[in-house]
Amino acid sequence: MISPPPEARLSTCGESICPYCGVGCRLTVEAEDDRLKRVRGVEDAPANLGGICAKGATLADVIQTNDRVRRPLIRSDRSEEFVETTWEQSLAWTAARFRAIIATHGPDSVAFYGSGQLDTEAVYLVGKLFKGSIGANNTDSNSRLCMASAVAGYRSSLGSDGPPTCYEDIDDSDCIVVWGSNMAEAHPVTFDRVKARRKDDPRVDLIVVDPRFTPTAKAASLHVAVAPGGDIALANAVARLLIERGAVDADFVADHVAGFTEYRDQLLATDWRSLVEASGVSPSVISRFADRIARSKRMLTFYSMGMNQSTVGVWKNNSLINIHLITGQIGRRGAGPFSLTGQPNAMGGREAGLLAQQLPGYRQVDDAEHRAELERYWNLPAGSISERPGLTAIEMFRALETGRLKAIWIAATNPMVSLPDLHQAKRALAKAELVVVSDAYHPTETSRMADVIFPAAQWSEKEGTSTNSERMVSYSEAIVAPPGEALPDWKILADFGRALGYQGFDFQSIDQVWDEFIPLTSGRVCDMAGMTAERLRRERHLQWPCPSVDHPGSKRLYLDRVFPTVDGKARLLARPHREPREKPDDDYPFVLTTGRVYAHWHTLTRTGKSAKLNRREPGPYVEVHPDDAADFGLENGELAEVTSPRGALRLPVRLNQGMRRGLAFIPFHWGAELVAANYLTIAAVDRVSKQPEYKYCSVRIEPVHARRGPRNVESVSGSRSNLVETAR
Ligand SMILES: Nc1nc2c(c(=O)[nH]1)N[C@H]1C(S)=C(S)[C@@H](COP(=O)(O)OP(=O)(O)OC[C@H]3O[C@@H](n4cnc5c(=O)[nH]c(N)nc54)[C@H](O)[C@@H]3O)O[C@H]1N2
Ligand SMILES: Nc1nc2c(c(=O)[nH]1)N[C@H]1C(S)=C(S)[C@@H](COP(=O)(O)OP(=O)(O)OC[C@H]3O[C@@H](n4cnc5c(=O)[nH]c(N)nc54)[C@H](O)[C@@H]3O)O[C@H]1N2
Ligand code: SF4
Ligand SMILES: [Mo]
């Protein structure tokens, strides 16, 4: 082999926000000869203070792989192979199909399904193209599966979306609650900060509310092993004790909160024993939980999918925020409800309005004035933006199956692994007239079902802007060249807008897209008007609200204790406990919950290619309590068949003493048909947020080749010696 001449060994170095979780770690990326070499945390970055986890640290191994899509791929018949084509041809072909479908079936027959992994510039163009030019509100995001309940929870309780807190609050809080979140695995760098805080001051409480004894729970001073789905009852029981013990901040409630009387009356009228029972927690633990909140001066509550992914996800959010409102633990340093955003830019998606009901700048499709503002801004005739609500994620896939929706463009998400009830999702894509996929890799479970695949430039290959969990807006640099002809998502969308013949998509740079977007946030809660592209590149990151170019940005919201509601007051919302949609019975005696593990990201298109991460977490499994395993004849490491009313999987059993009895856990990362959790999960959704209930359905678990029914308990008791002590 001849080594290249020294002058060709160009080394580059740049900074980019991690493309995985919503912590938003700022990373230094080193490359040589356009190959990624090394990734490290940036010391002076406020989001991570130099921190990085195993996923971020292995990025250099998983981006430049040989399954990258290098040129647009197209096939005119799904029974045929994809062929490579040019951008010009593939865009023209796709635009012609869109035009024909819209001409025959109307604008509501097309949809865009994106994700919290698109940068804000791309999201802005999705809205401008679909909601504006095409006139279809059918744009949604995998945030529907993720943060939709948090969005609706904030809006109903506080008047607007947006976490009021920042990471620095960890250092000021004396009581950190982690509710329905496995931060140690899913937001590890922020959890490291929580642990550091407790190391500095061991009096700081850490209370973890999770039905599983997770690595997060292991670090806690109090683990509250709530029954799956029991959160509202638990929150209500805690709130009732706080009221009875006089721990209410009466001044704050009187001045800044509406609805206290109704809330208190409902709590006091509820049968205490039924609350305790539904919560699944002993009265003594509930009492300890309430005591610790009562004595806290600054309580910070992190929450995530254990709260959101439920048919009562919005009510769970309201119930949690209620506790902050009655104790006045909001709108000051070190205190407040703090939803942990899952993806690197799910927040940006919310700000730019990717969800079906949203328009840019926290505007709403069902508000005539908001629609008119956008029509004027985009130079569209009045009435261009439809008043019909768009389809949400689950609704899109149902509408594809019934034929009401004909075409779908899927970008930066892999729904054929991540949607609930994959049997239905598969039927839906098979039935669709046109499936467009933009992804960095091919094949994925979803790209296999496409008619056309657009090659996307991804992390480190494109510039872009994203917002993390603490409202920090950051600019990411491009460090290496994308493979082949891959393009950034914003560019693909702008080119497609032009291919469809629309005005307003002639952008020469990503800065132009950003600078067109931010004035739309002016005067809104998520005000980013002062973060011009030029300034953001110079200062690297700013927290909104940041209304003018000389504004330093804001660490916290509602410090004046004025909430964005008609009367400036937050709302206490009395929410009773409701049962999950599908309860266990004799045929399906276990509750199945699903979630994540530390080493992997979602559907494995990236982390699945790292040898290091695969060694740590080599494959799928089903986790149960050893006593349940004994009752059902399951053995550690042996294959079990897990069956729900929708399908069956075959997975090795893992025993975990820290599971609740009657609960099974399957990580959803692995996508093959016989191991993907979502062939079991239920597509039931929250009535308001339309977020699915990934954390609760019923299953039975049997040893493979065995017949149904509990087995001989004696014969398997030896498996106890193989106990896995923690959740991983
Ligand atoms: N390693 C890793 N990190 C990630 C991701 C990843 O794929 N891998 N994905 C990112 C994304 S998009 C997201 S949304 C976040 C999610 O982050 P998390 O929400 O922390 O992760 P999950 O594992 O989905 O679920 C959290 C916990 O909810 C618990 N739970 C289940 N049911 C209930 C319930 O009824 N009540 C309560 N209180 N708890 C319950 C589960 O036992 C689980 O431990 O992680 C982000 N970070
Ligand atoms: N059972 C169960 N299911 C769940 C969950 C659960 O807890 N349990 N959680 C849900 C949640 S919270 C989430 S967020 C979803 C996540 O689920 P998905 O969004 O489906 O998962 P990802 O693997 O992150 O998919 C991202 C895709 O985008 C591609 N990609 C990467 N970078 C780029 C880019 O720059 N541009 C483009 N165009 N593509 C890119 C990746 O290769 C990948 O195919 O899963 C949901 N599904
Ligand atoms: S904590 Fe999240 S953002 Fe930070 S390196 Fe890990 S995955 Fe990336
Ligand atoms: Mo998520």
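This is a tutorial dialogue on reading the sheets, loops, cavities and ligand shell of a predicted model.

User: I can see flat arrows lying side by side. What holds the strands of a sheet together, in general?

Analyst: Strands of a sheet pair through backbone hydrogen bonds, and the pairing can be parallel or antiparallel. Let's start with a small case. Here, 3 strands make an open sheet in the order E1-E2-E3, with antiparallel pairing. Strand E1 (11-17) and strand E3 (35-41) stand at the edges; each has a single partner strand, so one side of each has no neighbour in the sheet. On average, neighbouring strands of this sheet are turned by 25 degrees against each other, if you ignore direction.

User: How many bridges join E2 to E3?

Analyst: There are 6 bridges between strand E2 (residues 26-32) and E3, and the two run antiparallel. To follow one of them, find valine 29: its bridge partner in E3 is valine 39.

User: What sits in the loop between E2 and E3?

Analyst: Look for aspartate 33, which is found in that loop. Check its backbone angle too: aspartate 33 has a positive phi of about 55 degrees although it is not a glycine.

User: Now a bigger case. What is the strand order in the sheet of 7 strands?

Analyst: That open sheet runs E5-E4-E18-E17-E16-E6-E7, and its pairing is mixed. Use the trick from before and look at the ends. Strand E5 (83-84) and strand E7 (139-141) are the edge strands with a single partner each, so one side of each is left without a neighbour in the sheet. Inside the order, E17 and E18 are joined by 4 bridges and run parallel. Valine 437 stands opposite isoleucine 453 in E18.

User: Which peptide bonds should I look at for the cis form?

Analyst: Omega is the angle to read. A cis peptide bond joins histidine 442 and proline 443, with omega about 0 degrees. Proline 443 lies in the loop between E17 and strand E18 (452-455). Another cis bond links tryptophan 544 to proline 545, again with omega of about 0 degrees. You'll find proline 545 in the loop between strand E21 (541-543) and strand E22 (570-571).

User: Okay, on to the holes. How many cavities of 30 Å³ or more does the structure hold?

Analyst: It holds 7 of them. A good way to read a cavity is to ask for its volume, then its lining. The largest cavity contains about 770 Å³ of space. Its lining has 47 residues, and those nearest the centre are Gln117, Gln343, Ala412, Trp601 and Arg606. By class, that lining has 16 nonpolar, 23 polar and 8 charged residues.

User: Which element gives the largest share of that lining?

Analyst: That's E19, with 3 residues of the lining of the largest cavity. At least two residues each come from E1, strand E17 (434-439), strand E19 (464-467) and strand E23 (590-595).

User: And where does the second largest cavity lie?

Analyst: Ask who supplies the lining. Domain 3 (148-339) and domain 4 (590-722) both give residues to the lining of the second largest cavity, so it lies between them. Its volume is about 560 Å³. The lining has 39 residues, and Gly180, Met305, Gly306, Thr594 and Lys695 are the closest to the centre. Helix H5 (183-186), helix H13 (305-308) and E23 are the elements that give two or more residues to this lining. E23 gives the largest share, 3 residues.

User: How about the largest pocket: which residues are closest to its centre?

Analyst: They are Ala356, Gln357, Pro389, Gly390 and Thr392, out of 26 lining residues. The pocket has about 510 Å³ of space. Helix H4 (residues 148-158) gives the most to its lining, with 4 residues. The classes there are 9 nonpolar, 8 polar and 9 charged.

User: Last one: which residues are around ligand 3?

Analyst: Read a ligand shell by its members, then by their classes. Around ligand 3 you find Cys18, Tyr20, Cys21, Gly24, Cys25, Ile52, Cys53, Lys55, Gly56, Pro188 and Val189. This shell has 8 nonpolar, 2 polar and 1 charged residues. Helix H1 (54-57) and helix H6 (188-200) each supply at least two residues of the shell.

Note on methods: Residues are numbered from 1 along each chain as its sequence is written. Chains are lettered from A and ligands numbered from 1 in the order in which they are written. This is a predicted model: local features need pLDDT of at least 70, side-chain atom pairs count only at pLDDT 80 or more; totals for chains, interfaces and linings use all residues. Side-chain values use heavy atoms; hydrogens and water are left out. Two strands pair if DSSP finds at least two bridges between them. Axes are lines fitted to C-alpha atoms, for helices over the stretch in contact, and angles run from 0 to 180 degrees between N-to-C directions. A residue is near a molecule or strand if one of its heavy atoms lies within 4 Å of it. Ala, Val, Leu, Ile, Met, Phe, Trp, Tyr, Cys and Pro count as nonpolar, Asp, Glu, Lys and Arg as charged, and the others, Gly among them, as polar. On a 1 Å grid over the protein atoms alone, a cavity is a set of points where a 1.4 Å probe fits but cannot get out, and a pocket is an open set with protein on both sides within 12 Å along at least five of seven lines; lining residues have an atom within 4 Å of a point. Grid points are joined across faces, edges and corners, and a volume is the space filled by probe spheres set on the points. Domain bounds come from an automatic or database domain assignment.
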